[in-house]
Amino acid sequence: ISLTKTLCIALNEGIDPYDGVYKAGPVKLQKLEDITSYEDFYENQYGKLHDFYVEECVKAQVNSYKLLRKECSFLFPSILMNDCLERGAALLDGGVRYLGGCCETYGNINCSDSLYAIKKLVFDERKYTLREVNNACLADFKGYEKMRMDMINCHKYGNDEDDVDQIACDVFNRVSEGIRSTGIRYGLHY
């Protein structure tokens with residue numbers, strides 16, 4: 001899951017600006033003008049979309065395990081994994097106690113830095129609206145040089161700045177908690 005792409009689609013109310021296709025599934029996103037706080041944006045716009053994508057990612061992982069379980073037994077890797085020999089079962093047939101998945105995310109820090117810039121410039125300082133930020137992104141900041149510089153000058157993760165570091169932690173925790181809870185629901189462990 002590209003978290004920056006998720007943020008881009010959230011800013012576009014569910015539309016992927018790359019191809020113009022609605023990509024929020026059943027998630028009901030708000031009009032940008034109706035969002036009044038950073039918490040509302042993070043939880044009900046970006047967060048709901050993020051959670052939907054995690055759910056879809058885990059479903060895809062479960063389906064790939066079902067297909068792999070049906071088509072190949074993974075006997076050689078199974079003998080190297082804890083529990084498989086003792087249980088007398090291959091890796092994908094319940095041989096391992098905890099079968100993990102692979103729901104990778106990309107752009108986590110760029111997403112957190114962007115969320116921080118939105119929080120600071122849109123909601124804390126009220127310099128711009130979400131619609132203006134979205135329009136600037138769609139224009140690749142051509143004609144929005146002042147906003148671009150304001151965003152560049154915002155705190156960034158990894159510079160010992162608690163405010164942006166906390167947003168990065170929130171993003172990572174949402175990823176981890178989402179995958180963990182969804183994985184358990186779909187039975188990715190034995």
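A helix, as the word is used here, is a DSSP run of H or I with at least four residues, numbered from the N terminus. In this predicted model, helix 8 spans residues 162–185, and Asp165 lies within that helix.

Asp165 is a useful place to begin. The residue is buried, yet Asp165 has no salt bridge. How far away is the nearest side chain of opposite charge? That side chain belongs to Lys156, at 11 Å, and a salt bridge requires a side-chain nitrogen of Lys or Arg within 4 Å of a carboxyl oxygen of Asp or Glu. Leaving aside neighbours within four places in sequence, Asp165 is in contact with Tyr157, Gly158 and Asp160.

Asp40, in helix 2 (residues 38–71), can be described in similar terms. Asp40 is buried and has no salt bridge, with Lys48, the nearest side chain of opposite charge, 7.4 Å away. The side chain of Asp40 does, however, make a polar contact of 3.1 Å with the side chain of Gln30. Not counting residues up to four places away in sequence, Asp40 touches Gln30, Asp34, Ile35 and Gln45.

The discussion now turns to charged residues that do pair. Side chains of opposite charge can pair when their charged atoms come close. The structure holds 17 salt bridges. One of them joins the side chains of Arg69 and Asp93, at 3.9 Å from N to O. This pair links distant parts of the chain, 24 residues apart: Arg69 is in helix 2, while Asp93 is in the loop between helix 4 (84–87) and helix 5 (108–124). Arg69 is partly exposed, because its relative accessible area is 32%, between the limits of 20% and 50%. Asp93, at 44%, is likewise partly exposed.

Another salt bridge connects Arg97 with Asp83, the closest N and O atoms being 3.2 Å apart. Here too the pair links distant parts of the chain, 14 residues apart, with Arg97 in the loop between helix 4 and helix 5 and Asp83 in the loop between helix 3 and helix 4. Arg97 counts as partly exposed at 39% relative accessibility, whereas Asp83 counts as buried at 16%.

Asp124 and Lys119 also meet in a salt bridge, at 3.0 Å from N to O. In addition, salt bridges that share partners join Lys5, Asp16, Asp19 and Lys23 into one network.

Finally, the surface also has a nonpolar patch, formed by Phe76, Ile79, Leu80 and Leu85, with about 530 Å² of accessible area together. Of these residues, Ile79 is located in helix 3 (residues 75–79).

Methods
Residues numbered from 1 in each chain as written. Predicted model: local features only at pLDDT ≥ 70, side-chain atom pairs only at ≥ 80, totals over all residues. Heavy atoms only, no water. Helix = DSSP H or I, 4+ residues; strand = E, 2+ residues; numbered from the N terminus. Buried < 20%, exposed > 50% of the residue type's maximum accessible area, 1.4 Å probe, protein only. Lys, Arg positive; Asp, Glu negative; His and termini not counted. Polar contact = N/O pair within 3.5 Å; in protein donor to acceptor, adjacent residues only side chain to side chain. Contact = heavy atoms within 4.5 Å. Patch = residues over 30% accessible without salt bridge, like charges linked within 9 Å, V, L, I, M, F, W, Y side chains within 5 Å. Areas by Shrake-Rupley, 256 points an atom, 1.4 Å probe, with all protein chains shown as cover.
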